Amino acid sequence: MRLSVHERLEDLILAEEGYTLVGKSIPRIDARSKVTGEAVFTADLELPRMLAGKVLRSPYPHARIVNIDTSRAKKLRGVYAVVTGQDTAGEKWGVFRYTRDQQLLCVDKVRYVGDEVAAVAAANDDVAQEALSLIQVEYEELPGVFDCWSSIAPDAPLIHDEFPRNVNVEVKIDVGDVEAAFKKCALVREDTFVAEEDSYFMTEPYAVVANSHADGSVEVWMPNASPHTKAKALSNALRIPLSKVNVRKITIGGAFGGRSDVFPAEFITCLLTLRTGRPVKLIYTREENSIATRKGHAMITTHKTGVDNEGRVLARDTVSYLDGGAYSSTGPIATSVPFLCHEQTYRLPNVRFTGYRIYTNKPIAGMIRIHGRSFACGVDTQLDMIAEELGIDPVTIRLRNARQPGETTPTGSHVASCGLTECIEKTAKESNFLEKFKNHQPGRGIGMGINSVQTGFPLGIRGGSQAFIKFHEDGGATVNSGVVDNGQGNDHMLVQIAAEELGLGVEDVRLISADTEITATDAGSYSMISTFAGGNAVKRAAEDAKMQLFEIASDILEADPSDLVARDKKIFVKGAPDVGVSIAKVVRKGLIMGRPIMGKGAFNPDVDQRREWITNPKGQLSQAFSFGATVTEVEVDTDTGMVKAETVTCAQDCGFAVNPMIVEGQFEGGVAMGGQGGMLGEEHRWHKGYCLNPSMLEYKMPTIADMPRINSIIVESIDPVGPYGAKEAGMSIAMSAAQAYCCAVGHALGIYFNHYPLTSERVLDAIENKKEGIQTAWDFPPARFIELEKKE
Amino acid sequence: MKKQLVNMTVNGEEVELAVYPNTTLLEMLRVELGLMGVKEGCSEGVCGTCTVLLNGQPVRSCLTLALEAEGSEILTIEGLTPEDGLHPVQQAFIDRGAVQCGFCTPGMILSSKALLDRNPNPSEDDIKTALSGSFCRCTGYTKILDAVKAAAAAHVDPSDG
C-alpha cells in the first residue's frame, strides 16, 4: 500500500518524535578541526626524508614518442629517481576491464596536452623542476582532433587505433515503440542543445603522498572518493598484493565527481617511493588539477519529443555526443547518466537514447556534479517550448510528466519513494511562479528545472558497505566504516546515526574511516550512495551493538531486552527513564562476563547485479532516487548581457534529512555550482587542444558577491529502505538549478537558449539575432546515429 | 641566490628566519614554521585560501614575499584560536554550518575577522565585499554569510549604541 503525502507526513512527525539526534541540525564533528586549521590535508603531510615529486607532461595534443633521454636529469645532484613509461611495462588504467586505455606513463603516444611522460623524485621542488627541464623527449607530432564533429569524420586521425571513428563508448537504449508513438503525437519537435566543458575547481589541488616500507607495503594519502577503489587499482598496476597497498584517511578539500577515478599521479608517486625507499610528495599545481585530473564533458544533444495535446510526452528520441577527451575514464557511466537521471524524472512510455562518447585530443572528461548540461537543460527548455505552443504553463507541463512513486523507469528501476510532485508544487507556490511567469516584466524572468539522481551505482567495485562498532569502558563507542568524506559531511553523518541508535551524544562517538588497512569495506563516496549504503551499514552495526547491550542490561534491569531503550547514555525500560543503568556500566559488565560489545552491520543495495552500462542497460539501477525542483528568478541587462540571479527557491525530496543544516548546505552549494556558476559562466575554452583557462583567474566561478538569496525546502518522502528514510542530499538540486537558470534567462528575453553556459557574449548574441516564433536561439547540426563497422 | 634574515612576529611570537629573496610568505609559514592552516589553492592570488593577516589586514601570502613582511605582525588561523575555546567567528562558522570541506575555511575566517575588527556592524554588502576574495566551492556561501552576520551580532555590544 502506498501512503499519500499527508499520511507520510504524519508518519514522519511520529517518527521524529522518537528521534533524539537524527533530523536535527547538529554542528559537524569535523568543523572544529577545520576552523582551527588543524585538519590535515594531503599537501600538509610531512614525513622524515620526504622527497618532492614532479611530472613531465606532453606539450603536444597528439604525438608519437620517438625517444626519451633521462640521463642528464638522473645526473643532477639531488635527483633520486626518474621514471618513464619504460619503467611501467605500459601498465594501463580503465574503470572497467573493457575500458583500460590509459597508460599510466605514456609509452608510445601522447594524446593530450598534459599526458604524463616522465616523473622525478628530488630533494626539493626546485631540483625536481630543474630535473624535468633536463629530460629530453623527442616527439613526432601527429594531427589532432578537438571536437566531436571533426573526431567522428571518416578521415579523422584515430586517437586509439582500435576505436573506429574515435567512438569510445556507444550506449543504446530503446524502450517501447518510439516511431509508432511519434505518429500518434499532437506535436513533435526536434531541437539541438550544446554545452561546453565545465570543471570542478575544488579548492584543494590534487596531491599524493606515498611511503614505501621494508615489508614491500606502500602507504598512500590523496583526496579520493573511494579508498578501496584506489587501493585495488594501485595493487593491479604496481603488481603488489592488495594487502600491501594501504590507502590512508586524510581530510579532503572537495570532490564533486572529480576524485572518483584513478589517476597516474598516485601510481607515479608510488613508483617513485618504491624506487627511492623514501616518502614522496607530489602536489599538483592548479593548472595540473584542471587538465590532468578530470573535467566535465562537452556535449551535443538532439532531443526529438512528441506529446499529446495536453503536453504529456508520448515519445522521445535522443542522440548525444559527449566529448570524452583522450581516454575512457568513467566513459560508459558518463554517457549513460544524463539519460538515466532524465528517465527517473519524467515518465517516458516510449524512449530511445543513443549516446556516443567520442575521443578527442583533449584532457580526460569524467563525471561531474551537473552531469549533462545540454541533455537536462535541453529537456526542460524544449518542454517550455512545447508548453508555449500548446498554451500550457511550465509548472503544469512538468506536473503532467513528473515521475510518481511506485512507477518503474523505462529501463526497469522501481521507484519506491518519490516526492517530485511535492517539490514542483512547493517551489512553484513559494516563488509565486505562475503569477510572475504570466505577468512578465521585460528583462526579468522565472524558470523551473526538475531532476533526479541515483543513490549509488557500481563503479568497478561492488559489495556495498560494512561497519563495526566497539565500546570503551567510559560508555563511549568507536565506529569503524569504510565511507570516505570528501567534505560533504559523511563523517558526521555516520556519527550522528550511530549516536542516535546507541543513545549517545555525537561527542561520545569516535570514528575511524576510509583506511583500506584498518576499516571495513565500502564502495566509495561517489554516485550519492554514502548515506544510503554507508549510513545503513552503520545503523545496522549500531543496532547489533545495542542489542548486545540490551541483553546484558536485561539482567541488571530484570526486563525483557525488547522493552529496553538506549538514550542519554543510559539503558532503561520504555517509559521509565529514571530507573535506568548507564551504558558505561553495561559495557564494563560485558567485559567482566567475557561478552564485549562488538557491533557489526552491512548493507548492500538491492540492485540488479546483471545490469551493465553497455551490454545490458536494464534492471534495477539503484535502490532509491532523489528528486528535486529549482525555481530561479533573474534580471538580465540587455545592454551587457549580464544576468543577475535574484532569488532561487529549491526543494528536494532527500527522503529524510538526517541533518537539515547539512542538507541545506548541499542545496546551497548545488545552486552555486550547478546554477550560478554552471549556467552563467563556467566553461573551459580551447585552442587546438590547449586549455586557455585552467586557472581560477580565467575560469569564472561564482564568488559570495554573485550569489542570490536561496530558499531551501526539504521534502521528505521517507524511503522504505534508506536509513530513517534518507536518500541523498543536494545533487538533484545541483542539476535542476542549471535547468532553472537556463529557463529563467530564456523567459526574461523570450529566447529559448540552446548553447550553455549563458555567458554575456552568448546572451547578447541571442538578443541581437533574435528569431521569430518558437525556436532555439541558434541552429546547430543535430547529433545523429553513427554508422560503425561491427567489431570482430 | 643567498638567504637573507627576516624578522617578524608570527601569531604573537617573534621569529628570525633565513629565507631566499624569492621565498613567499606562504612558503615561509608552511615550510619553515609548519603553520599548515595556511593553504595553497591557486598560487596566483585568486582563491584566497592562503589569506593571513599582516598588521591586521588580509593579504594573500602566496603573492607576498617573506622579506616584504619584515617587521610586521602576522596572524594565521593557528594564532587566531585562543588558548581556551574559539574566536567568535570560528564558533559561528561551526554553529551555522559554514564549514564543509574546510579548505577555504581558514582564509574565510581570517578575512571575516579583519572585517569585524574594522567594522563591527557590517551590512550584508560589506560582508560580501570583504569575502569576495575567497572562493568556496562547497557551501554556496549562504551559511558563510549567516555565520559572519551571527558573529557580528554576537560581537556588537548593544550598549555601544
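Here a visitor asks, and a guide explains, how some features of this predicted model come by their descriptions.

Visitor: What makes A:R49 count as exposed?

Guide: A residue is exposed if 12 or fewer other C-beta atoms lie within 10 Å of its own. A:R49 has 10 C-beta neighbours inside 10 Å, so it counts as exposed. You will find A:R49 in the loop between α2 (31–35) and β1 of chain A. Its phi is positive, about 65 degrees, although A:R49 is not a glycine.

Visitor: And why is B:S43 called partly exposed?

Guide: Residues with 20 or more such neighbours are buried, those with 12 or fewer are exposed, and partly exposed is what lies in between. B:S43 has 19 C-beta neighbours inside 10 Å, so partly exposed is the right label. B:S43 sits in the loop between α1 (25–32) and β3 (51–54) of chain B. B:S43 also has a positive phi of about 65 degrees without being a glycine.

Visitor: How do you know that strand β17 of chain A is largely enclosed by the rest of the structure?

Guide: The count settles it: 10 of the 10 residues of β17 (350–359) of chain A are buried, so the strand is largely enclosed. In a regular strand the side chains alternate between the two faces of the sheet. In β17(A), A:N350, A:R352, A:T354, A:Y356 and A:I358 point one way, while A:V351, A:F353, A:G355, A:R357 and A:Y359 point the other way, and all are buried.

Visitor: What makes β9 and β17 of chain A a pair?

Guide: Two strands pair if there are at least two bridges between them. Strand β9 (167–175) of chain A is joined to β17(A) by 8 bridges, in the antiparallel sense. One place to look is A:V169, which stands opposite A:R357 in β17(A). Strand β16 (313–325) of chain A also pairs with β17(A), through 10 bridges, and these two run parallel. There, A:D317 stands opposite A:R352. Between β16(A) and β17(A) the chain passes through helix α10 (331–345) of chain A, making a right-handed β-α-β crossover.

Visitor: Why are β6 and β8 of chain A called edge strands?

Guide: They belong to an open sheet of 3 strands, in the order β6-β2-β8 (chain A), with antiparallel pairing. β6 (109–110) and β8 (136–141) each have a single partner strand, so one side of each is left without a neighbour in the sheet. Strand β2 (63–69) of chain A is held to β6(A) by 2 bridges. As at least two bridges are needed for a pair, 2 bridges do count. Across that pairing, A:R64 stands opposite A:K109.

Visitor: Which strands stand at the edges of the sheet of 7 strands in chain A?

Guide: That open sheet has the order β3-β7-β1-β14-β11-β12-β13 and mixed pairing. Its edge strands are β3 (79–84) and β13 (245–247), each of which pairs on one side only. On average, neighbouring strands are turned by 20 degrees against each other, direction ignored. β3(A) is joined to β7 (116–122) of chain A by 5 bridges, and the two run antiparallel. Helix α4 (125–134) of chain A packs on this sheet, touching β1 (51–57), β3 and β7, and its direction makes about 30 degrees with that of β1(A). Helix α7 (227–238) of chain A packs on the sheet too, where it touches β12 (218–221) and β13.

Visitor: What makes α12 roughly antiparallel to α13 in chain A?

Guide: Helices α12 (394–401) and α13 (420–431) of chain A pack at an angle of about 170 degrees, with their axes 10 Å apart. Angles over 145 degrees count as roughly antiparallel, so α12(A) and α13(A) earn that description. The contact is made by A:V395, A:R398 and A:L399 of α12(A) with A:T421, A:I424 and A:A428 of α13(A). By class these residues are 4 nonpolar, 1 polar and 1 charged. In α12(A), A:P394, A:V395, A:I397 and A:R398 are buried.

Visitor: How many residues meet where chains A and B touch?

Guide: 42 residues of chain B are in contact with 45 residues of chain A. The chain B side has 20 nonpolar, 15 polar and 7 charged residues.

Conventions. Residues are numbered from 1 along each chain as its sequence is written. Chains are lettered from A and ligands numbered from 1 in the order in which they are written. This is a predicted model: local features need pLDDT of at least 70, side-chain atom pairs count only at pLDDT 80 or more; totals for chains, interfaces and linings use all residues. Helices (H or I, at least four residues) and strands (E, at least two) are DSSP runs, numbered from the N terminus. Two residues are in contact if their C-beta atoms, placed from the backbone, lie within 7 Å. Ala, Val, Leu, Ile, Met, Phe, Trp, Tyr, Cys and Pro count as nonpolar, Asp, Glu, Lys and Arg as charged, and the others, Gly among them, as polar. Axes are lines fitted to C-alpha atoms, for helices over the stretch in contact, and angles run from 0 to 180 degrees between N-to-C directions. Angles under 35 degrees count as roughly parallel, over 145 as roughly antiparallel, 65 to 115 as roughly perpendicular and the rest as oblique. A crossover is right-handed if, with the strands pointing away from the viewer, the path from the first strand over the helix to the second runs clockwise.
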